[in-house]
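Good morning, everyone, and thank you for making time for this. Please have the sequence and the picture in view while I talk, and follow along residue by residue.

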Amino acid sequence: MEEIQPQSDNYRSSSSSASSPASRVPSSNFFYLRKPGSLRQPISFEDSPEWEDTDIEVRVDEGGDSINAATTPVSPSLSKINSGSLPSPPLLEGAVVARKIAGASIVWKDLTVTIKGKRKYSEKVVKSSNGYALPGTMTVIMGPAKSGKSTLLRAIAGRLPHSARMYGEVFVNGAKSHMPYGSYGFVERESTLIGSLTVREFLYYSALLQLPGFFCHRKGVVEDAIHAMSLSDYANKLIGGHCYMKGLRRGERRRVSIARELVMRPHILFIDEPLYHLDSVSALLMMVTLKKLASTGCTLIFTIYQSSTEVFGLFDRICLLSNGNTLFFGETLACLQDDHGDFSSVNMDTAVAIRTLEATYKTSADAAAVETMILRLIEKEGPLLKSKGKASSATRIAVLTWRSLLIMSREWKYYWLRLILYMFLTLCIGTVFSNLGHSLSSVVTRVAAVFVFISFTSLLSIAGVPALMKEIKIYACEESNWHSGAFVFLLGQLLSSIPFLFLISISSSLVFYFLIGLRDEFSLLMYFVLNFFICLLVNEGLMLVIAALWQHVFWSILTLACIHVVMMLSAGYFRIRNALPRPVWTYPISYIAFHTYSIQGLLENEYLGTSFAVGQVRTISGFQALRSAYDISVNSNSKWENLLVLFLMALAYRLILFVLLYFRVKKNTFIHKLLSCDPDTNNPR
C-alpha cells in the first residue's frame, strides 16, 4: 500500500484548514497504522438506511463553506467527516444544487474472483472480500498495484468478463438481485470521448442513445448532469478543441466521462480510477465534485491508487486491498486513529504494515462489526431497482447517423482533407491520360487509366483508417455500457458514410470521366459513378474489418497496404486473369479482389457495343479490341453482374464486421480493461 503523506507546503487548497482532521495528520514518511479493532466504536449501525423513509436531506450551508448530506442519522464516529468539519472549496455564485437521487445500499459478502489466464490454472484476484456502500456516501477501494481494485469493482457491478469466475454474493437494497439497465452507471478508467463535439452536444447525444421518450425531455437531464459535474463553464466548448482553441484538460474530460453516466440518474455510480492521470489540484476539485454528487443521495463506489491527505479526508469509507486480501474496511479516518481518536504514526515500512494487517484484520473487531452490519443490511429487503427503459433501436440508429454526419462535417483532417486528396489524385490521373482519342490504339492506354484510377483511389482510402479506428473505439466504449450495439453501430455507420462516399465518387468520377474522354452518354456516366461508389463502399467495409481485427492504427494501415498490393497484382491488368497461375493467384485471390469486378464492369460499360475500324473496310468489335488488354465478357448484362458482385461483397464485409464487433471487440475490451496495468506499473492486476 502506498504511504499516505501530507500535501506539500507549496499547495494548500482552501479546503485544508486547521480544523480539518486530515490536516492534523503528522508529517512522516512512514505508514500510519492503527491496530485493527483498537477503536472503541469501529463502525456505527446508525448508518444503515431505513427503507420506510427514503427521503434524502440535502443541505448546502449559506456562504458555501461546506457540504452536508444525510440520508439517515449520522453516527458520532462519522461526525468529524460529514458534519462540516471538512470544509470544501466555496461554491460558485449561482451554483445549482443537483436534484435528489434515491440511492441504494449495496453489500458484497465473501466475494472471490478468479481469472483464467494463459496458464492452465486460475488465479485468485480477489479473496473473500466483505463490505458495503450506503446511499449518500463515497466508498473507495484503495491499494497498491496488483491488489485487485478494478476486479473487485467490476465484480460488484456485475461486469466481469467470461474468463473470470465470481464466488460469493452481492446484495442490492438487501436483495440478491441483478442491477437493471439504467439503475447504475460505470465509468471506465480511460473513456473514449468525441473531440469534435462540444460538452453539451456530447452529453445530449449520449442521452438520446440511453433514454426513452421525447427529445425535449433529454435537455433537462443533460443540464442536470452538466451542473452536477461543474461543467457549466465548458458546456459549449469543443472537447478536443481545434486549430485555434485548446480542448478540455484531463480533469475536465474525466468529469465529462462521469457526466455521461449521470444522464441516466443512476442510483449507484461505479468509477474506476477517477483521479487517473490528474494533478493534485484537479484531483481535489474532482473529489469535491464527487462529494457534492454523493450529497444528492447517489451511492458512489470507486477505486483509487493513491491520494493526498486532503483528498483522503473526503472519503466516507475505505476498503484497503493488497494481493486480493482485505486489509481494512471501515470509516476512512478510523484506520489512522488510536484509542483516543487521535492520529498516530508507527515506525514501520509499508511491507511490514501490510503483512501485519493481513494477519490481524480478519480476527479484529472491525471485521466482526462489518459482518454484523452486512447481516443487518440484508435481513430486510428494500425497494427493488427498476429499469428506466431504453431508447429504441430505430432512435439509436437515427442518433448515431446524425452524430456521425456532424462529426464528419467537423473532422476536416480525416474527411474534407481526404476529399481534397481524391480530387488532386483524380486531376493528376486525368491530365496524364488526357486527349487519348477513340482510335484502336487508345484502347490499351485507356485500360491503364481505368486501372490506375480504381487502384490508386482505393489505396488512398487507407488515409481514413484513423477516423474509422476512432469510431470503433467509441462503439466499444458505448457498447460496454449498453448505450449501443453491433447492429445499431453497423447500420448507423453505413448510413452516415453513404453521403460522404457518394460525394467523393461523383466529384472524382466527373473529373476523370471527362478528362479521359469516355463515351458521352448519360446512362454510361451514371453507371461509372455507381460502380465507383459501390467500389468505395466495399473498400470502406474492408478497412472496417481490418481495423476491428487489429484495433491498432499502424498494423491496420500496414495490413491494408499489403492487401491492396496483392489485389492490384491479381486484378488482371499486369497479366490477363485467365493467364494467372491458377493456384493462389486465380483461385481465390483474383475472385476476392474487388478491383477485378470494378475495372471489368467499367471497361464493359465503355467498350461493349462499340466497334473500331481496321484499315479501309474491316471493323472489329470493342470486345475483340479489348481482348488482348483485359479479360471481359461478351455478355451485355455482364457489367450489371459485376455490379451485383460488388454489392454482395459490400454486404459480406459488413457481415464479417458485425461478427467481429459482436465477439472480438467486446471480448478484447473487457479483458483489456480487467487485466490492464495499474498506473506507474507494468504488471497486470
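I will begin with a single side chain, Glu223, which is partly exposed, since its relative accessible area is 26%. Before I go further, please keep in mind that what you see is a predicted model. Glu223 has a partner, Arg200, and the two form a salt bridge in which the closest N and O atoms are 2.8 Å apart. Arg200 lies in helix α3 and Glu223 in helix α4, which covers residues 215–228, so this pair ties together parts that are 23 residues apart in sequence. Arg200 also counts as partly exposed, because its relative accessibility is 27%. As a general point for those new to this, side chains of opposite charge can pair when their charged atoms come close.

How many salt bridges does the structure hold? There are eleven, and I would like to look at two others. In one of them, the side chains of Arg403 and Glu478 meet at 2.7 Å, N to O. This pair links distant parts of the chain, with Arg403 in helix α10 (residues 393–410) and Glu478 in helix α13 (residues 465–480), 75 residues apart. Are these two residues buried or exposed? Arg403 is buried, and so is Glu478.

In the other, Glu188 forms a salt bridge with Arg159, and the closest N and O atoms there are 3.4 Å apart. Here the partners sit in loops, Glu188 in the one between β7 and α3 and Arg159 in the one between α2 and β6, and they are 29 residues apart. Both Glu188 and Arg159 are buried. Salt bridges that share partners join Arg154, Arg159 and Glu188 into one network.

Let me turn now to the strands. Six of them form an open sheet, and if you trace across it you will find the order β7-β10-β11-β5-β12-β13, with mixed pairing. The edge strands are β7, residues 184–187, and β13, each of which pairs on one side only. Neighbouring strands of this sheet are turned against each other by 15° on average, with direction ignored. Helix α2, residues 149–157, packs on the sheet and touches β5, β7, β10, β11 and β12, while its direction makes about 155° with that of β11.

Within this sheet, I suggest that you follow strand β12, residues 317–322, and its partners. Strand β5 (residues 138–142) and β12 run parallel and are joined by four bridges, and in this pairing Ile141 stands opposite Cys319. With strand β13 (residues 325–331), β12 pairs in the antiparallel sense over six bridges, and there Cys319 stands opposite Phe329. The hairpin of β12 and β13 has two residues between the strands, and in it Asn323 takes a positive phi near 55°.

How many of the residues of β12 are buried? Six of its six residues are, and both faces of the strand are covered, with Arg317, Cys319 and Leu321 on one side and Ile318, Leu320 and Ser322 on the other.

Elsewhere in the sheet, strand β10 (residues 268–271) and strand β11 (residues 299–304) run parallel and are joined by four bridges, with Leu269 standing opposite Leu300 in β11.

That brings me to the nonpolar interior. The largest nonpolar core has 105 residues, and Ile106, Phe270 and Leu290 touch the most other members. Helix α6, residues 280–295, gives the most to this core, with eight residues. If you select Phe270 and leave out residues up to four places away in sequence, you will find that it touches, among others, Ile106, Leu153, Met179, Tyr184 and Ile301. There is also a second, separate core of 81 residues, which includes Leu425, Phe453, Phe512 and Leu646.

I will finish with helix α15, residues 522–550, where you can check a length for yourselves. At 1.5 Å a residue, its 29 residues should span 42 Å, and its end C-alpha atoms are 42 Å apart, which agrees. This helix is mostly covered, given that 23 of its 29 residues are buried. After α15 comes Gln551, whose phi is positive, near 55°.

Note on methods: Residues numbered from 1 in each chain as written. Predicted model: local features only at pLDDT ≥ 70, side-chain atom pairs only at ≥ 80, totals over all residues. Heavy atoms only, no water. Buried < 20%, exposed > 50% of the residue type's maximum accessible area, 1.4 Å probe, protein only. Pairing = 2+ DSSP bridges. Axes fitted to C-alpha atoms, helices over the stretch in contact; angles between N-to-C directions. Contact = heavy atoms within 4.5 Å. Expected span 1.5 Å × (residues − 1). Core = buried A, V, L, I, M, F, W, Y, C linked by side-chain atoms within 4.5 Å. Salt bridge = Lys/Arg side-chain N within 4 Å of Asp/Glu carboxyl O.
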